[in-house]
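Let's take a walk through this structure together. Have the sequence and the 3D view open side by side as you read.

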Amino acid sequence: MKRKLILENGAVFHGEGIGSERETVGEVVFNTGMTGYQEILSDPSYCDQLVTLTYPLIGNYGINRDDFETMHPSAGGLIVKEAASHPSNFRSIGTLSEWLREKDIPGLCGIDTRRLTKMIRTAGTLRGRLCAEEAEEEEIVRELQQWVDPRDQVSRVSTKNAYHAPGNGKRVVLMDYGAKHGITRNLLSRGCDVFVLPYNATAKEVLALNPDGVMLSNGPGDPEDVPEAVETLRGLIGEVPVFGICLGHQLLSLACGATSSKLKFGHRGGNHPVKQVKTGRVDITSQNHGYTVDRDSLMGTDLILTHVNVNDGTVEGVEHREYPAFSVQYHPEACPGPSDANDLFDQFVRLMNRYEKVPTRM
């Protein structure tokens, strides 16, 4: 089945279709990871995006039942150089294309992904459409140039109902802005008693659970599209220890008076070096975000810069001067990627121990 990718700048990439046969439109982004395509595609932070994987061979170890980061993937599409049709791995239960078809995610293979990635790095993130070979190109280019980015992704990927993942340790409320399973796994492995709440839960609803700490998850899109989450965090800071990841980091920063802006082409991959300002230690981190907290906007707030990106100097972590609250832009739970920064979950547990209360449990 012939298929092509049309970009808003008029570029066209012709290849073979994999996965679902439906057409789709979205931001075309690239991820530099060599492995972890299953986790990437099931990461809610990729909601609506057409993900280009720069490693040339994808799907060679198939799909397994263990490595999903959500039950209902929301990625808009997949673009690869070569998609393996005969995977080889003892855990494999099917091919990448079969899984994409099952989840109604369209894909494209057989194109020059190096050329596409260089185009995005030069021009910035581009809107694109995966469509049939016979689709009329000029009309689609006009539509892409007028296309408005969706602003409701967090509401679509967040849980609709609160649920409980029981543990015997500290009670943590996980605010689900598009949370990966890896966050819950890391909290449970440390004995935490986890309550997962929707993105629009109020501070009153959170505090009614008498948590020892609040975890702010990753998620898709622009943090300014979730003002209700910012308002909730303003009611939580100073009341309970807070730890934010990725979108959660951006929302915490906005709640403290900082601002955010869109990066030219984002940070997506498992090889991003991040330096701790205080110690000079560098961690290799997993990242997936298109927005960043503006470094200059931290001036005049109660936030201290704790981590910076070695490559471009962008903000990678902050902590509150007065209250027990901190956050990082990258993913300490990895999934996929290195686990250099996994000890941040231990830091969160120590923070909860330090500010231990004796609430009345439900």
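Look for Val172, which sits opposite Val194 of strand β12. This is a predicted model, and the valine pair belongs to a parallel pairing: strand β11, residues 171-176, is joined to strand β12, residues 193-198, by six bridges.

Now zoom out from those two strands. They are part of an open sheet of ten strands, ordered β10-β12-β11-β13-β14-β19-β18-β17-β15-β16. If you trace that order in your viewer, you will find that the pairing is mixed. At the edges are β10 (163-165) and β16 (282-293), each of which pairs on one side only. From one strand to the next, the twist averages 25°.

With the sheet in view, turn to the aromatic side chains. How many aromatic pairs does a search of the whole structure find? There are six. One of these pairs is worth a closer look, and a short reminder helps here: a pair of aromatic rings is described by the distance of the centres and the angle of the planes. For Phe243 and Phe326, the centres are 4.4 Å apart and the planes make an angle of 15°, so the pair counts as stacked, the cut-off being under 30 degrees.

Where do these two rings come from in the sequence? Phe243 lies in strand β14 (residues 242-245) and Phe326 in strand β19 (residues 325-328), so their contact ties together parts that are 83 residues apart in sequence. In the sheet order given above, β14 and β19 are written next to each other. Both rings are out of reach of the surface by the usual accessibility criterion: Phe243 is buried, with a relative accessible area of 0%, and Phe326 counts as buried at 6%. The ring pairs also extend to further residues, linking Phe243, Phe326, Phe345 and Phe348 into a cluster.

Finally, consider the cysteines. A disulfide is a covalent bond between the sulfur atoms of two cysteines. How many disulfides does the structure hold? The count is zero. Take Cys47, which is in no disulfide: the nearest cysteine sulfur, that of Cys246, is 14 Å away, whereas the cut-off for a disulfide is 2.5 Å. Cys47 is also buried, with a relative accessible area of 2%. Cys256 is likewise in no disulfide, and the nearest cysteine sulfur to it, again that of Cys246, is 17 Å away. With a relative accessible area of 18%, Cys256 is buried, because the cut-off for that label is under 20%.

Terms used: Residues numbered from 1 in each chain as written. Predicted model: local features only at pLDDT ≥ 70, side-chain atom pairs only at ≥ 80, totals over all residues. Heavy atoms only, no water. Buried < 20%, exposed > 50% of the residue type's maximum accessible area, 1.4 Å probe, protein only. Pairing = 2+ DSSP bridges. Helix = DSSP H or I, 4+ residues; strand = E, 2+ residues; numbered from the N terminus. Axes fitted to C-alpha atoms, helices over the stretch in contact; angles between N-to-C directions. Phe/Tyr/Trp six-rings, centres within 6.5 Å; stacked < 30°, edge-to-face > 60°.
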